[in-house]
Amino acid sequence: QLQLRQSGGGSVQAGGSLTLSCELFGYSAINYYIGWFRQAPGKEREGVAGFYSGDSSTYYVDSVKGRFTVSQNNAKSTLFLQMNVLKPEETGMYYCEASYGWRELRTVIRGTGHDLQFWGQGNQVNVSA
C-alpha cells in the first residue's frame, strides 16, 4: 500500500515560486506513475504535471511548461513540484496522486485524477495579484 504525504505550499505573490513535496511511504520496486492535480474553488479538478518512475519521464500541461518542474530526490522517496512564475489563476488545492503500473502520462494528466489509487492530503497554494 503506497501512502503519500504532502508538504509545502503556502502563499506567494504573482511571479513568485513555491515547491510542493510528495513523500512516498510503503514504496516497493513496482513502478508507479504520479500526477499533480489542482482543485481551484468552484472549478473542476485539473491535471498539472505527471511523473513515471520507470524511466523518470515527466509530462506537463501546456500552461505550466517552462515554469513547473517535477523532480525526485536521490533516495527516490520524495517527488517535488517546483512552481515558478506563479499566476493568481493557479491558486487552489494541489494533490499528489499515484497508481502502480504504467499509463500514458498525457492521459493521466488530462483527467481529474479521481481514478488514481493513492492520494496525498493536498496542499493549499495561494497566489495573490
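This passage looks at the aromatic ring pairs in the structure and at a charge that sits over one of the rings. The model is predicted, so local features need pLDDT of at least 70 and side-chain atom pairs count only at pLDDT 80 or more, while totals for chains, interfaces and linings use all residues. Residues are numbered from 1 along each chain as its sequence is written, and side-chain values use heavy atoms, with hydrogens and water left out.

A search of the whole structure turns up two aromatic pairs. Rings of Phe, Tyr and Trp (its six-membered ring) pair if their centres lie within 6.5 Å; planes under 30 degrees apart are stacked, those over 60 are edge-to-face, and the rest are tilted. Take Tyr95 and Trp119: their ring centres are 6.4 Å apart and their planes meet at 55°, so this pair is tilted. Tyr95 belongs to strand S9 (residues 92-100) and Trp119 to strand S10 (residues 118-119), so 24 residues separate these distant parts of the chain. Strands here are DSSP runs (E, at least two residues), numbered from the N terminus.

Tyr95 is buried at 16% relative accessible area, whereas Trp119 is partly exposed at 35%. Buried means under 20%, exposed over 50%, and partly exposed in between (1.4 Å probe, protein chains only).

Next come Tyr100 and Phe118, with ring centres 5.5 Å apart and planes at 75°, so the pair is edge-to-face. This pair, too, links strand S9 (Tyr100) to strand S10 (Phe118), 18 residues apart. Tyr100 is partly exposed at 22%, but Phe118 is buried at 8%.

Back at Tyr95, the charged end of Arg45 sits over the ring, 4.2 Å from its centre. That label needs NZ of Lys or CZ of Arg within 6 Å of the ring centre and within 35 degrees of the ring normal.

Definitions and conventions:
Helices (H or I, at least four residues) and strands (E, at least two) are DSSP runs, numbered from the N terminus.
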